[in-house]
Amino acid sequence: MSSLPMILLLSGSLRTGSTNETVLRTAHAVGPSAGVATSFYDGLAGLPHFNPDDDNDPLPAPVTALRTAIERADAILVCTPEYAGTLPGSFKNLLDWTVGGTEICDKPAAWVNAAAPGRGQGAEATLRSVLGYTGADIVEPACVRIPVDRGMVGPDGLLTDQEARERLRATLELLAGASAPRPGGLGSPAGGDE
Ligand SMILES: Cc1cc2nc3c(=O)[nH]c(=O)nc-3n(C[C@H](O)[C@H](O)[C@H](O)COP(=O)(O)O)c2cc1C
């Protein structure tokens with residue numbers, strides 16, 4: 001198991017060719033230079049509609065997988081589009097499923113707003129509010145706006161823009177800095193991998 005901080009990447013878009021997913025895939029690519037490991041959550045489409053009646057043991061398997069992914073992460077990075085002035089319903093549904101568990105409580109969390117300048121503020125405001133309700137620890141300096149347009153995406157599907165990549169790297173570093181040392185990891189009281 002890696003002793004690097006693990007950051008879970010959550011995209012709010014289900015669209016093929018999503019710009020928000022592009023941002024997170026780029027975060028994955030620059031992760032090693034930020035001293036972090038990243039993991040992309042790809043279960044959004046498979047989550048059932050939230051129903052409090054189902055928020056009991058045994059949980060639906062996709063919900064267990066989501067909560068386990070959050071539990072294993074040291075921090076969370078979200079990148080989501082705005083639909084009709086707020087979060088996509090599917091992503092709000094994901095966040096609703098986190099409320100009944102403890103996995104996200106006090107977990108450092110941040111987002112990248114990849115919308116064009118002046119856009120996406122409704123999603124950002126809702127995300128701030130809902131993450132607050134979930135108990136996540138919003139790391140304000142790590143929350144950034146990185147407007148993405150198609151011209152910034154290379155043939156490998158990643159952002160080519162160096163400034164954008166650098167800002168993503170800084171966000172990952174800030175999230176890692178806000179997370180607790182991993183048990184047994186380098187710098188933890190229990191010692192590290194030798
Ligand atoms: C149904 C729908 C509603 C949208 N509503 C908004 C909106 O309210 N504000 C906004 O800034 N963009 C809005 N958009 C634009 C999307 O946020 C934008 O296309 C975004 O890049 C999609 O993200 P993705 O490429 O990751 O799928 C909307 C798009 C769709 C399809």
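These legends describe a predicted model of a protein with a ligand.

Residues are numbered from 1 along each chain as its sequence is written. Because this is a predicted model, local features need pLDDT of at least 70 and side-chain atom pairs count only at pLDDT 80 or more, while totals for chains, interfaces and linings use all residues.

**View 1. Order of helices and strands in the protein.** The protein has five helices and six strands, where helices (H or I, at least four residues) and strands (E, at least two) are DSSP runs numbered from the N terminus. Read from the N terminus on, the elements follow the order β-α-β-α-β-α-β-α-β-β-α.

**View 2. Ligand and the residues around it.** The ligand is surrounded by 13 residues, of which S13, S18, N20, P81 and R119 are the closest; a residue is near a molecule if its C-beta atom, placed from the backbone, lies within 6 Å of it. This shell comprises four nonpolar, six polar and three charged residues, with Ala, Val, Leu, Ile, Met, Phe, Trp, Tyr, Cys and Pro counted as nonpolar, Asp, Glu, Lys and Arg as charged, and the others, Gly among them, as polar.

**View 3. Confidence and the segment 185-194.** The mean pLDDT (the predictor's confidence in each residue, from 0 to 100) is 93 for the protein, and 92% of its residues reach 70 or more. Over residues 185-194, however, pLDDT stays under 50, and the model has 16 contacts beyond four places in sequence for this segment, a contact being two residues whose C-beta atoms, placed from the backbone, lie within 7 Å. Where pLDDT is low, the predicted coordinates should not be read in detail.
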